[in-house]
Amino acid sequence: MTNDEPKIVAFCCHYCAFAAADLAGVLRLKYPPNVHIIRLPCTGKLDALYLLKAFEAGADGVIVAGCLEGSCHFISGNLRAKKRVLVVKSLLPRLGIEPERLEFFNLSSAQGDRFAQIAREMTERIKSLSPMRGEESESKSGVDAL
Amino acid sequence: MIVADQKPIEEILQMLEPYRKVLFLGCQSCVAVCMAGGEKEVGLLAAAVRLARKQQGRPIEITEGAVKRQCDDEFNEPWAQTIQQHEAVLSLACGVGVNKLSERFDVPILPALNTRFFGEVERQGVWAEVCAGCGNCILHLTGGICPIARCAKNLLNGPCGGVRADGTCEVSRNGPRPCAWVMIYERLGKLSQRQNIENIFAAKDWSSDRHGGPRKRVREDMLLET
Amino acid sequence: MSEIKHGSVAVVGGGIGGIQAALDLADSGFYVYLIEEGPAIGGRMAQLDKTFPTNDCAMCMLSPKLVEVGRHPNVQIITLASVESLEGRPGNFQMTIRQRPRYVDITRCIACGRCIASCVYQDTKFPSEFEVGLGKRKPVYIPFPQAVPLAAVVDPQTCIFFKSGRCPQNCLKACERGALDFTQTEKLFMLEVGAVIVAPGFDPYDARRVGEYGFGRYANVLTGPQFERLLSASGPTSGKVLRPSDGKAPKKIAFIQCVGSRDLRHQRYCSAVCCMYTTKEAIVAKEHDHQIEPTIFYIDLRAYGKGFENLVKRARAEHGVRYIRSMVSQVTEIPETKNLLIRYRDESGSLQEEEFDLVVLAVGMGPSAKGQELARRLGIELNEHGFAKTSAFNPVMSTREGVFVTGAFTGPKDIPETVVQASAAAAAVEALLAPVRGTRTHAKDYPEELVPDGTPRIGVFVCHCGSNIAGVVDVKSVAEYAKTLPGVVHAENVLYTCSQDNLKHMKEVIREKRLNRVVVASCTPRNLAALFQDTIREAGLNKFLFEMVNIREQCSWVHSDQPEQATEKAKRLVRMGVAKARELKPLSVQSVRVSPAALVLGGGLSGMIAALTLGDSGFETHLVERSAELGSDLESADVQGLKAKLLDAVRVHPKLRVHTNTTVREISGFVGNFSSVLRSPQGEERIQHGVVIVATEAYEHKPSGYLYGEDARVLTQRALEKALTPQASPGLFTVPPAAARCTVQAEPAEDEAHAPRAQGRGEGQLGKTIVMIQCVGRTERRPYCSRICCAEALKNALTLLEQDPDRQIYVLYREMISYGFFEDLYRRARDGGVVFIRYDEQSPPVVCKENDQLLVTVRDAHLRQELVIKPDLVVLSPGVVPDPYNEELSRLLKVPLDSHGFFVEAHIKLRPVDFASHGIFLCGGSHAPGTVPELIAKAQAAAGRAAIVLSRGQLEAGGIIASVDPEKCTACLTCLRECPFGAVFINEQGLAEIEAVKCQGCGICAADCPAKAIQLGQFEDAQELAMLEELFRPEQVALKALTPSPLPRRGEGERGRG
C-alpha cells in the first residue's frame, strides 16, 4: 500500500450493491481509492470467515452491502448475511478489534450516491480509530503449514 | 447427537496463551451438525485466534484441519505426524475426541468446546436435550418422553407441585418449558395408554447411569482378538 | 396453414410490456423486432423510484431485464423508430418502419460521455424527458444511466448544428471512437413478420389542463411522475425531496388524487393506479425525510389489488400519512413563500383552508397520443376512451387479426397487469405462429471445448476504454505489472477490449499462447462479462475460466482526481482478479431433456383457457379437474356463450386430455421433468410433463349474519345474477362468477337452494326497493378487497333498473372500487338514480326483520346519520375466497400460500404468473380475484410462460451452482432447510445433493455448511480467499509458489487432510 488511507474491502452483491457502485461511477461520484469491491452473487454467499480473513489479510475495515430488505434477488440471502455480520461484529471487540470496522448496509441498485457516501463515511470512521495492531500475518493456513 | 458449545473466545485464548504453534482439529460428526466444531468452525476460530494474537502482538501459527470422527483412532492416525509437529492441539470435538487424542498423543490436547448433552434438533439453530443416557430406558412406559432428561427434577412419578397452571415447569432455565409429566400425560392420552400413569415407578437403579462410575460397553461377538 | 410464413414478430413499444413480450417470444423460438419510439427502451417503469405495494426499487427489477433483452440473440432493438404501415395477413405481414437518425453509431459508442462534456452548451440547458422536465440535459445526451442501448443520442431539435449549421462540433472531435455521425439520415425499411404486438403504453394526463391546481404556473406544484424522480436516488436531486422554487426541504406535502381522472371535463374513467402510487410516494417521501407530513386528498381509496390494502394500512399506521376524503376545489399560491393554499371541504362538510409546502398531483393515465396514431397506421380500432378496443373474452386481441395489444394501451393498469397481458399476447402469438416456431431464430455453434491441462496460463487484457480508463489510470503500467504476476503468460493494454477487432485478437492470443484463463480489466462485468465469456468460448475455452476486473466504474470514474492512487488501485484489483483466475475451474453445463407436456390443475375458466392456449401452441396438455365437469365456475348468464365455446373447444382439441373427477396424488421432479400420479375413480395413472399450471379459481364467500340463510329475500350478488333474466352480453364489463366449485359440496348446495327461490319470484317479484351491501364479512380475518364485487353490484343494479326504472336501489359501500372503465358503470348507476351510501368499516349495516318487513339500518358516514331502509330484497357482496384445495396443492407442489389462502407468485411485479419454483406457473382466482378478462389474460400468460419451457426441448443446468462434496457432507440438513429454492435433497446415500436445474446460485448453503462440504462454482472459498490474501499483499512479500496441478483440481476439500 502506498498511502496511509485505511484499507477497506466491500463485499457487494451482484444485483444491488455492486450495481449501486457501478452507478456511483456512472455518476462520477468520488470516494477514496482504498475501497475495494469484491463481487458476490448474493450476500447470502458471504461466509463469516471472509470477514475475519479480510482483517487477517490486512483490511482496516470491511463493508458488506446487500439488497434492500425484501428485495433480495435470492429471496433471503441478505437477511442471512446480516445475521452473520452481526455475529462477527460482536466477536471483534473480544479479539481486540473495534466493531465499528465492520458494517452491513442495504442498498438498492439505484443508490449510487449512497454507495459513495458509505465508502467515504467508512473511511472517515476508520480513520478516527487508532490503527490496527500487529504486523503482516506470519502464519498461513494449513495448506502452507503442511 | 452430542451437542456442544464453543467455549468463550477469551477462555480459548487463555488456554492457547503459552503456545505459538497449534493444530486446530475439528470433528465432522455430531459437533459439525450442531455447528460447534466442524470444518467451518475450525476456520472461523482459527482466523479469530490469529487476529486476536496479532492484535496482542504475539502472533500464533495455526494449522487447520478436521477429521471425520475424533472418537476413532483410525480417523486420527493420518494426523499423527502433524500433531507431533505442533506444541498443542485445540480439539473442536466433544470431550470424547479430546480424551481419545490425549490417550494417543503426548501433546497437550485442549478442549475448544463445552460438551453439553444428547440432543435433538428442535428446529434449525435450536438443539434440545431429550435423553440423559441413564442406561435404563423406560420410554415405552412414558409415551416416548423421557422424564429423566426432560423433568428438571428427574422425577419418575410426576408431576410434582412445581407445575404451573399453564402446564409449564417452575424451573425455567431457558425460558418457560412444558412440564415433562404434563407432556407424558397428554401423550399417553393420545396413545390410549393413560393407565400407564397409574404405574408407580420403583426407585431407579442409577448404577447404569454415570453415577456408577465410568461406563463401558462390550460386544463380545464383535471383538477381533481371540 | 401456408399463410403462416414468418417466425418473426414485431413488438411495438419498448416499455416493460413490450420487453416482457419480446423476451417471452424470443425465449420460445421466435425472432423479435422490438420497435421503440424513443432513444432507449425501458418506458415509464425506468422512471419510477419504487413500485407498490412492496416498495421494491424499480430500476433494480427492470435493469436486468433491459440487459437481457439488449443481449438476446433473437431480439433486435430498433430505437427512434415508428411504424409507417402494416400490410398483409396474419402469419405474413409487411411492416414499414421509419427510423429517425440518432447521429451516433451505437456499435461504436461506449457511453463514455465525452461528447456530452465537450458540447458547446457548457451547461445542461434543455428539459430532460427522462427527468420529466425536472432535470436538464444537453442536445447530446445519454437517456439515463441504465439505458439500453447504452449510447449517446443527438437531439436535432436542440442541437446548434442542426438549428444554425454553425457549430464547432466539439462532440465529433471529442469522441475517440468516431461514433458521432451527423450524416445519418432518416431510414425507411420493411420488416416481414408473422404477427404484431402493440404496446405503446399511456400518456400521463397533462396536468396543465386541470387549471384550478395551478400546475405549470406554481413552481411547487408537481405531478406524481415528477415527484417520483425527486424520490429517485439517481434523480435530479439524488433522492432528496426538495422544492423546485427554493431547493428547500418541504414539510407539508399535499397529494391530490384523480387529477384528470373520473372527471367528465377530462377523462371519465378511473386511472386505476393513482391511489396506490400516491400512497407509495407518500411513504417513500416520509422514509427519505422524516420531517415530511404527507396528506392525501382523495375521493375513493381504491386499494383493490393484492397487498394494496396492507400498504394503505401501513401508510396510515406506521408512517402517519393523513388521508382526507375530499375533492380539492382549488390550489392557490402564496406569492411571498411560494407555499400553496388548498381549499377543501372536510369530512364533516365544513370548508377548510390549509397551507402546504409542496403539492403533488396524481395525474391519471391518458391514452397515448402516439398509440392513437399507431392504431390508425396499423388499422386497429380504439374504444370510446381512446384505448385499444378488445373483446372481453380475448383481452389482448385487437380488431385486426394477427395484431395483439397489451398493457396500458388497452386501458389503465399497473405493472403486473401489464406484464400479464404482455405474456398473454406473447402466448397468443405463439399459438398463431406455432407452425413456424424456430424458423427465424438460430443457435450459435461453438468449437469443442478444450480440456484444460496443467498450470494456469493466464492472459490479462487491460482496457483503455479510450480515455475513460487510460485518462486516469496508467493502463500500460498496469499491464506491465500484470505480467509479473504468477500464472500470467500474456498481458497487454488494449484501446477498446470490447471492440470487434480486439475480440478477434483475443481469440488469436488464446490460441497462440495456449491461454487457459482470461482476465479482462475494463468496465463492469454486469454489462460485458457475457460478451467476453462468449468470446473465450469461441476460442474453445470453458466460459467460466474468465474473470473481469472493474477498473472503470469502480476505479477511474470514481478516482479521476487521484490518478496515481487510481493506478495503484487498478493494480491491486488486477492482482486480485489474477489470484482468482489462478483458482478458477471449468464448470459444466448439462442439457436436460424436457417432457413436452403440461399439467393444468383446475378445470374452470382459467384452466380451460390455459390448456387451450398450450394446446394451440402444439403442446400436449392434461387438464385435471376434481369435480365431474369443466367450467362449473362459469355460471352467470353473460358467460354462457363463452362457456359453451370453451367446452366445445376443449372436447375436440387433439392436444388436450381432460381428466375430470381426478385429483393429483403425487408430483415429483422439477422443471422440464415432472412426474405425477393422477387418481380418478377409474384408477391411477402416471404422467410425465415439463410444466405445471395451477389454475384453481376462487368462489363467492358464504356470508353469515344479515339474515342470510334465514330469509329468502336476503341473497348474494351471485344468486341475484342468476335470478336476473339474461341480458345481451355487456361485453367488457362482464364480471366473473367466482363460483363455488369442486371442493366444499355443502355450501354450493345451499347457494343453489337460494337461487331457485329467488328465481321463483320472477323478475317482477324481486321487489321495488333493493339494498345492496358491499364488503359483507370483510373483517380482520378476511381483510382484503375482493376487487370484483363493486362492479358486479353496479352491473346488477343497472340490470335491475333496466327491467324496472321505478325501482329504488341503495348500494351501501365502504369504498367504491369501480377502477378503470368500471367508472362508467358507477356513473350510469348514479345517473340512473341508484343511491350510494358509504358506511364506515367500524359500523357495518344491520339487517333485521319487523313483522316480516326487512329493515336495513346503516350509519351514513358522510351525513353522520343513521338511516333505516325497508327493502323488498337485500343483496350481499360477501367477497371471494380461494379454493380450499389450494392448501393441498401447496403441499404437493411446495409452493407458498399467503395468510388468506391465495397463492404467492415469484415476484409481485415482474413475475406475476410464475412461482418461485421453476416450471410451475399460476393463474385463476386462487392467485388473486379478478374479472373474466383479467382471469383470461392471466391464464393465457401462464400458458405462455409455460410454453417457453416446453418449446425449448432441452434445458440447461449447471454453471454457477452449488455442489456438495459427498466425502465431507454430514447430512446435517442445514442446506436443505435454508435453500430458498428447494433445490437440495437427500440422496440415496443419505447425503445432501443439489438439483442442478433448481439451484439459482445464491450460495447461501455454501456459506452456512458447517462441514464446508458445499462450494458454489465460480465463487469457491479458495477463489474468494485467494482474492483477499492478494489484495493487500505488500510488494516485498514473496508470492506464493505456484504448484502445477492438473485441472480440474480438488479444491478446499483437500485442505488440511492428513
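Start by selecting Arg514(C), which sits in the loop between α13 and β27 (517–522) of chain C. Helices here are DSSP runs of H or I with at least four residues, strands are runs of E with at least two, and both are numbered from the N terminus. Before you click on, know that this is a predicted model: local features need pLDDT of at least 70, side-chain atom pairs count only at pLDDT 80 or more, and totals for chains, interfaces and linings use all residues. Residues are numbered from 1 along each chain as its sequence is written, while chains are lettered from A and ligands numbered from 1 in the order in which they are written.

**Around Arg514(C)**

Is Arg514(C) buried or exposed? Neither label quite fits: Arg514(C) counts as partly exposed because it has 14 C-beta neighbours inside 10 Å. For reference, a residue is buried if 20 or more other C-beta atoms lie within 10 Å of its own, exposed if 12 or fewer, and partly exposed in between, with C-beta atoms placed from the backbone. Now add Arg457(C) to your selection. The two residues are 57 apart along the chain, yet 7.2 Å separate their C-alpha atoms.

Next, show α13 (residues 500–512) and α14 (residues 525–538) of chain C. Their axes come within 9 Å and cross at roughly 45 degrees. Axes are lines fitted to C-alpha atoms, for helices over the stretch in contact, and angles run from 0 to 180 degrees between N-to-C directions. That makes α13(C) and α14(C) oblique to each other. Angles under 35 degrees count as roughly parallel, over 145 as roughly antiparallel, 65 to 115 as roughly perpendicular, and the rest as oblique. Colour Leu503(C), Met506(C), Lys507(C) and Ile510(C) on α13(C), then Thr535(C), Ile536(C) and Glu538(C) on α14(C), and you have the contact. Two residues are in contact if their C-beta atoms, placed from the backbone, lie within 7 Å.

**A helix that is hard to see**

Stay in chain C and pick α6 (residues 224–231). How many of its eight residues are buried? Eight of the eight are, so α6(C) is largely enclosed by the rest of the structure. To see what covers the buried residues, switch on elements of chain C including β14 (202–204), β15 (221–223), α7 (274–288) and β22 (358–363).

Keep α7(C) visible. The axes of α6(C) and α7(C) come within 10 Å and cross at roughly 30 degrees, so the two helices are roughly parallel. On the α6(C) side, the contact is made by Gly224(C), Phe227(C), Glu228(C) and Leu231(C). On the α7(C) side, look for residues including Cys274(C), Tyr277(C) and His288(C).

**A pair running opposite ways**

Now jump to α16 (residues 563–583) and α27 (residues 1021–1031) of chain C. Their axes come within 8 Å and cross at roughly 150 degrees, and α16(C) and α27(C) are therefore roughly antiparallel. Contact residues include Arg572(C), Met576(C) and Ala579(C) from α16(C), along with Ala1022(C), Ala1026(C) and Met1027(C) from α27(C).

**Into the core**

Which residues touch the most other members of the largest nonpolar core? Select Val196(C) and Ile693(C), out of 454 residues in that core. A nonpolar core is a set of buried Ala, Val, Leu, Ile, Met, Phe, Trp, Tyr and Cys residues joined through C-beta atoms within 7 Å. Not counting residues up to four places away in sequence, Val196(C) touches residues including Ala10(C), Leu86(C), Phe93(C), Leu378(C) and Phe404(C). Another core lies apart from that one, with ten residues, among them Cys146(B), Ile148(B), Cys169(B) and Ala180(B).

**Chains A and B**

Hide chain C for a moment and look at chain A, which has five helices and four strands. Follow chain A from the N terminus and the elements run β-α-β-α-β-α-β-α-α. Of its 146 residues, 69% count as buried.

Bring chain C back: 54 residues of chain A are in contact with 50 residues of chain C. With seven residues, α1(A) gives the most to the side of chain A that touches chain C.

Then turn on chain B, where 21 residues are in contact with 20 residues of chain A. On that side of chain B, α3(B) gives the most, with nine residues.

For a last stop, colour chain B by domain: domain 1 (2–117) and domain 2 (132–206). These bounds come from an automatic or database domain assignment. Taken over C-alpha atoms, the centres of the two domains of chain B are 37 Å apart.
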